[in-house]
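Here are my notes on the model, set out as numbered points for you to check against the coordinates. They begin with one side chain and its surroundings and then widen to the fold.

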Amino acid sequence: GSPLDNTVDLSGIPLSSRDLERVSSYLQRCGEQVDSVELGFTGLTDDMVLQLLPALSTLPRLTTLALNGNRLTRALLRDLTDTLKDPSKFPNVTWIDLGNNVDIFSLPQPFLLSLRKRSPKQGHLPTILELGESAGCVEEAWDGT
């Protein structure tokens, strides 16, 4: 059936390759209605996300994609960044949660800039450069300046 509240939430459910085929098929059938996909803490690996990426990237209304708490690595960031560079992929995404993964501790500048280009009306999204600048302001505050 249709996704409840336009959200596909599989958080906390360990997914197998067979499950991913079902999820991909479901997204192709009901994707016109999906605003949010929650796949946090599902045991996803880089290869599993790459298997889902074609179905996810074409969802016309998708704004939020949660991939937190999985076994994803920095290697996946390159594929996500390349996908985000294509304006026909992830046309409305404004938030991708990659926190709490194996070795993703920061996001590359091109990834952040690609998200910023997609959501200029969403407010001010931080970039790595701005984060460094903010750290300098904090140090100045501690010095009393």
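1. In this predicted model, Thr-81 is in contact with Pro-108, Pro-110, Phe-111 and Ser-114, once its neighbours within four places in sequence are left aside. Thr-81 itself belongs to helix H3, and its relative accessible area is 7%; because the cut-off for a buried residue is under 20%, Thr-81 counts as buried.

2. Ser-114 also enters a second relation that may be worth inspecting, this one with Pro-87: their C-alpha atoms are separated by 9.4 Å, although the two residues are 27 apart along the chain. Pro-87 is found in the loop between H3 and strand S4, the latter spanning residues 95–97. Is Pro-87 buried or exposed? With a relative accessible area of 65%, Pro-87 is exposed.

3. As to the overall layout, the protein chain holds five helices and four strands, and from the N terminus on the elements follow one another as β-α-β-α-β-α-β-α-α. Of the 145 residues in the protein chain, 39% are buried. Among contacts between residues at least 6 apart in sequence, 80% join residues at least 24 apart.

4. The four strands form an open sheet in the order S1-S2-S3-S4, and the pairing is parallel. Strand S1 (7–9) and strand S4 are the edge strands, each of them pairing on one side only, while neighbouring strands of the sheet are turned by 5 degrees against each other on average, with direction ignored. Within the sheet, S2 and S3 run parallel and are joined by three bridges; to locate this pairing in the viewer, one may look for Glu-38, which stands opposite Ala-66 in S3.

5. Helix H2, residues 46–57, has twelve residues, and the distance from its first C-alpha to its last is 15 Å, which is close to the 16 Å expected at 1.5 Å a residue. Its buried residues are Asp-46, Met-48, Val-49, Leu-52, Leu-53, Ala-55, Leu-56 and Ser-57. Which elements cover these buried residues of H2? The cover includes helix H1 (17–30), strand S2 (36–38), strand S3 (64–66) and helix H3 (74–85), and thus draws on helices as well as strands.

6. The largest nonpolar core has 35 residues, among which Leu-27, Val-37, Leu-44 and Leu-98 have the most contacts inside it. H1, H2, H3 and helix H4 (109–118) each supply at least two residues of this core, and the largest share, six residues, comes from H2. For one of these well-connected residues the surroundings can be listed: not counting residues up to four places away in sequence, Leu-98 touches Leu-67, Asn-68, Leu-72, Leu-77, Leu-80, Ile-104, Leu-107 and Phe-111. Phe-111 is thus among the residues touched by Leu-98, and Phe-111 is also one of the contacts of Thr-81.

7. Asp-103 lies in the loop between S4 and H4, yet at 18% relative accessibility this residue counts as buried; the value should be read with the cut-off in mind, since buried means under 20%. Not counting residues up to four places away in sequence, Asp-103 touches Leu-72, Thr-73 and Arg-74. In the last of these pairings, the backbone nitrogen of Arg-74 lies 2.9 Å from a polar atom of the side chain of Asp-103.

8. Two backbone angles deserve a look, given that most residues other than glycine have a negative phi. Asn-6, which is found in the segment before S1, has a phi near 60 degrees, a positive value in a residue other than glycine, and at 24% relative accessibility Asn-6 counts as partly exposed. Phe-41, found in the loop between S2 and H2, likewise has a positive phi, near 55 degrees, and this residue is partly exposed, with a relative accessible area of 46%.

Terms used: Residues are numbered from 1 along each chain as its sequence is written. This is a predicted model: local features need pLDDT of at least 70, side-chain atom pairs count only at pLDDT 80 or more; totals for chains, interfaces and linings use all residues. Side-chain values use heavy atoms; hydrogens and water are left out. The expected span of a helix is 1.5 Å times one less than its number of residues. Buried means under 20% relative accessible area, exposed over 50%, partly exposed in between (1.4 Å probe, protein chains only). Contact means heavy atoms within 4.5 Å. A nonpolar core is a set of buried Ala, Val, Leu, Ile, Met, Phe, Trp, Tyr and Cys residues joined through side-chain atoms within 4.5 Å. Two strands pair if DSSP finds at least two bridges between them. Axes are lines fitted to C-alpha atoms, for helices over the stretch in contact, and angles run from 0 to 180 degrees between N-to-C directions. A polar contact is a pair of N or O atoms within 3.5 Å; within protein, one must be able to donate a hydrogen and the other to accept it, and residues adjacent in sequence count only if both atoms are side-chain atoms.
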